[in-house]
Protein chains: 2
Amino acid sequence: MFSPEKIEKMRRMGLKITPQRLAILEYLEGNLSHPTAEDIYRHVRKRFPSISFATVYNTLEALKEKGLVRELYIGGTKKRFDPNTQPHHHFFCLSCGNILDIREEIRIKIPQKLREKTIIKEISLLLVGICWNCLPKNLTKS
Amino acid sequence: MFSPEKIEKMRRMGLKITPQRLAILEYLEGNLSHPTAEDIYRHVRKRFPSISFATVYNTLEALKEKGLVRELYIGGTKKRFDPNTQPHHHFFCLSCGNILDIREEIRIKIPQKLREKTIIKEISLLLVGICWNCLPKNLTKS
DNA sequence: GTGTTTGCAAAGAATTTGCAACGAA
DNA sequence: TTCGTTGCAAATTCTTTGCAAACAC
């Protein structure tokens, strides 16, 4: 559930608060699974059977603009969204297909030279391989 | 043009060499633009007006399997391909929309702890912002 | 000759759009 | 009341598939 203060804050950001939007926000809140639009649709439809993909995409677009959600720069056929807008990195597991948050700190040293000649708005690091959940199930690291 | 040695090498990798494949390979060779399937299709169609998207996608898939091309882990609606399979990083410019190779070396320190519990097959770093070509055109870094 | 690849057209998957009815403020 | 949002269906965009004919080896 969202506190009235949180809702008021969103309103002040210029977001109209509809029940559908709240349901989407509540599904995203603390969600670590980097859901696709379809994941969100399927979940929210339980409570709002009439909700449409259009609304899901609209809402996600609105939330993105307000900086409440970010869209991941990850390949594949589906867009993925992350309610965690703090800088952090991701691990894409080739075995289970999940995208996981990396908790460990990873130092990325951007050369001063590159910093000077660009504006860097986002740093997106993706490690691809076999994740910590799947590796134990497989035989060996060999 | 591809040297007979190079072609022979590809054949030994198990790739059947067709004129269409050669044309795609020649377009990719040294290409720094990270083209989409459509970019490739449009270019190759000049020489092979009858080529189809199916062939382009087929070929890219075959080249990927052989490690001659890699598909980028970058969001957006289209797949993008890179003939440079050496480790390197990318810059996605919000102004011009291009994806550029970063020449500068960027040190990424993966904690030993993370290395130990995973298998990392690929490290994909994407910087998002205003690139070195566009920045001078805009007013200031402010 | 054998088995792959090509090219077409159609299917599929994901996202976006147009628009009338609805609802938040 | 006003203007943005919803939900439906249709449209778009990108990628994949099925299959007969063509081709590489």
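This passage describes the surroundings of DNA strand C and the packing of two helices of chain B in a predicted model.

Around DNA strand C there are 18 residues, of which Arg11(A), Tyr57(A), Lys78(A), Lys79(A) and Thr18(B) come nearest. Of the atoms of DNA strand C that come within 4 Å of the protein, 90% belong to sugar and phosphate. Individual polar contacts to the strand involve both chains: in chain A, a polar side-chain atom of Lys78(A) lies 3.4 Å from a phosphate oxygen, while in chain B an N or O atom in the side chain of Arg21(B) is 3.3 Å from a phosphate oxygen, and a polar side-chain atom of Lys16(B) lies 3.3 Å from a sugar or linking oxygen. Two or more residues are given to this surface by each of helix 4 (53-65) of chain A, helix 2 (19-28) of chain B and helix 4 of chain B, and the largest share, three residues, comes from helix 4 of chain B. By class, the surface near DNA strand C has six nonpolar, seven polar and five charged residues.

Helix 4 of chain B (residues 53-65) also packs with helix 3 of chain B (residues 37-47), at an angle of about 120 degrees and with the axes 10 Å apart; the two helices are therefore oblique to each other. The crossing of helix 3 of chain B with helix 4 of chain B is right-handed. To this contact helix 3 of chain B brings Ala37(B), Glu38(B), Ile40(B) and Tyr41(B), and helix 4 of chain B brings Phe53(B), Val56(B), Tyr57(B) and Leu60(B). Seven of the contact residues are nonpolar and one is charged, with no polar residues present.

Note on methods. Residues are numbered from 1 along each chain as its sequence is written. Chains are lettered from A and ligands numbered from 1 in the order in which they are written. This is a predicted model: local features need pLDDT of at least 70, side-chain atom pairs count only at pLDDT 80 or more; totals for chains, interfaces and linings use all residues. Side-chain values use heavy atoms; hydrogens and water are left out. Axes are lines fitted to C-alpha atoms, for helices over the stretch in contact, and angles run from 0 to 180 degrees between N-to-C directions. Helices (H or I, at least four residues) and strands (E, at least two) are DSSP runs, numbered from the N terminus. Angles under 35 degrees count as roughly parallel, over 145 as roughly antiparallel, 65 to 115 as roughly perpendicular and the rest as oblique. A crossing is left-handed if the near helix is turned anticlockwise from the far one by less than a right angle, and right-handed if clockwise. Contact means heavy atoms within 4.5 Å. Ala, Val, Leu, Ile, Met, Phe, Trp, Tyr, Cys and Pro count as nonpolar, Asp, Glu, Lys and Arg as charged, and the others, Gly among them, as polar. A residue is near a molecule or strand if one of its heavy atoms lies within 4 Å of it. A polar contact is a pair of N or O atoms within 3.5 Å; within protein, one must be able to donate a hydrogen and the other to accept it, and residues adjacent in sequence count only if both atoms are side-chain atoms.
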